[in-house]
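Walk me through this structure, starting from its enclosed space and working outward. Keep the account short and tied to the atoms.

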Amino acid sequence: MPGDLLIRAPNHLGDLVMALPALEAAGGDVLVARWLVPVLELSPAFAPGAEPARRILPLDRGARGLAEAVRAVRSGGYRRGILLTPSFSSALIFALAGVRERRGTPTDGRGFLLTEVVPPSELAGLHRSERYLRIVTGERPSTRPVPRLVVPEAAAVRWRALMGPRGEGRLVGIFPGSNAPSRRWEPDRFAAVARAMAGQGARVVVFGGGGERELAAQVAGDVALNVAGRTDLPTLAAGLADCDLLITNDSGPMHLAAAVGTPTISLWGAGDRAETGPLGSGHRVLVRADLPCVPCVRNHCPRRGRGYLLEDAERECLRLIEAKDVLAAVDAGGGDRRGIAIVEG
């Protein structure tokens, strides 16, 4: 019945994109961080005017945001709640709001707040998108789900105004940022790739958030367009959709690009590509899987001293990937949508 089910969506861009198939399959309304609402609205299931209508409840950070969320959830009269986030606070919101049935994993010490526990053992070995579906449906997916987002015309218009004339050559995007230091490839190597692609006749555009303007400028140099800090999320999606290929760290925009149908070449250090790799076809993953520490999934590399192959062990997994490896992946067909190729040392 309408208003019966509320799902707490993930807090990070990449996780939200990977959760889209689960959110769409579950039905019901969604509680999501306010800054991610525009991304959720790119899903046909949540776009304004979609039928059946599904509410998006924005969530703000802090104690005040939690209190406001409790009031909003209580006023919705939801009987069932599903938690795709692992945090204690997300379960607390549902409990305080009177949601009688609360399903999720017993993480962050919140097991006593749940009425239906999803054991972590049921999720082992699954891609995160499959985990979300398992939490929602209780069943193991028969095929790996692929998120799909649709760029609205208004966002495409804003992107074209920012981009200017596209030209006839290939448009290559670069995203050199990442929230975790252990997942950031060297800026000078991204810059070398940008120069090489521009030298081959491609138009190169460098993406980034407001805090990444300097990084993007370093990568763009005088050969690429720097749009860091100049796009909201729908316009970023439009820009990524316009690209023929995105070269990127393991990041949220990598998943956003995949969801709008753009092939990616991604550089992997600490992340586990089996759990959070890009979904769909046409993606190439560059990873030094021969190192015994890969993947460690840590945000900060703990290694010090001499590495396995380099003098310095810190972030050795990423520093062993060179610009020539990325260019070889491009030459091997990055962007032809033929499937995933893994370059391993």
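The lining of the largest cavity has six nonpolar residues, one polar residue and no charged ones. This is a predicted model. The residues around the cavity are Val17, Met18, Pro147, His255, Ala258, Ala259 and Leu279. Two elements, α1 and α10, each give two or more residues to this lining. Helix α10 gives the most, with three residues. The volume of the largest cavity is about 40 Å³. How many cavities of 30 Å³ or more does a search of the whole structure find? The search finds one.

Next come the open spaces. The largest pocket holds about 1,500 Å³ of space. It is lined by 50 residues, and the closest to its centre are His12, Leu13, Gly14, Asp15 and Arg128. Several helices give two or more residues to this lining: α1 (13–26), α5 (128–137), α9 (233–242), α10 (252–259) and α11 (273–276). Helices α1 and α10 thus appear in the lining of the largest pocket, and they also appear in that of the largest cavity. By class, the pocket lining divides into 19 nonpolar, 21 polar and ten charged residues. The cavity lining, by contrast, has no charged residues.

The second largest pocket has a volume of about 250 Å³. Of its 14 lining residues, Arg8, Leu59, Asp60, Arg61 and Gly62 are the closest to the centre. Helices α3 (62–76) and α4 (88–96) each give two or more residues to this lining. Helix α4 gives the most, with three. The classes here are five nonpolar, five polar and four charged residues.

Leu59, one of the residues closest to the centre of that pocket, also belongs to strand β3 (residues 56–59). Which way do the side chains point along this strand? They alternate. Leu57 and Leu59 point to one face and are buried. Ile56 and Pro58 point to the other face and are not buried. Strand β3 runs parallel to β2 (residues 29–33), and four bridges join the two. In one pairing, valine 32 has proline 58 of β3 as its bridge partner.

Now look at aspartate 4, in the segment before β1 (5–8). Is this residue buried or exposed? Its relative accessibility is 7%, so aspartate 4 counts as buried. Its side chain makes a polar contact of 3.0 Å with the side chain of arginine 79. A polar contact of 2.7 Å joins the side chains of aspartate 4 and arginine 80.

The cysteines come next. A disulfide is a covalent bond between the sulfur atoms of two cysteines. The count of disulfides in this model is zero. Why does cysteine 317 not form one? The closest cysteine sulfur, in cysteine 293, is 5.8 Å from its own, which is too far for a bond. Cysteine 317 counts as buried, at 11% relative accessibility. Cysteine 243 is also buried, with a relative accessible area of 4%.

Some contacts join parts of the chain that are far apart in sequence. Alanine 323 and alanine 192 are 131 residues apart along the chain, and their C-alpha atoms are separated by 6.5 Å. Alanine 323 sits in helix α13 (residues 323–331). At 15% relative accessibility, alanine 323 counts as buried.

Finally, check the backbone. A cis peptide bond joins glutamate 51 and proline 52, with omega about -5°. Proline 52 lies in the loop between α2 (37–40) and β3. The peptide bond from valine 294 to proline 295 is also cis, with omega near -5°. Proline 295 is found in the loop between β12 (284–287) and α12 (316–319).

That loop between β12 and α12 also holds arginine 315. Its phi is near 55°, a positive value in a residue other than glycine. Arginine 315 is buried, with a relative accessible area of 17%. Aspartate 108 is not a glycine either, and has a positive phi of about 60°. It sits in the loop between β5 (101–104) and β6 (116–117). Aspartate 108 counts as exposed, because its relative accessibility is 52%.

Conventions. Residues numbered from 1 in each chain as written. Predicted model: local features only at pLDDT ≥ 70, side-chain atom pairs only at ≥ 80, totals over all residues. Heavy atoms only, no water. 1 Å grid on protein atoms, 1.4 Å probe; cavity = no way out; pocket = protein on both sides within 12 Å on 5 of 7 lines; lining within 4 Å. Points joined across faces, edges and corners; volume = space filled by probe spheres on them. Nonpolar A, V, L, I, M, F, W, Y, C, P; charged D, E, K, R; others polar. Disulfide = S-S within 2.5 Å. Buried < 20%, exposed > 50% of the residue type's maximum accessible area, 1.4 Å probe, protein only. Pairing = 2+ DSSP bridges. Polar contact = N/O pair within 3.5 Å; in protein donor to acceptor, adjacent residues only side chain to side chain.
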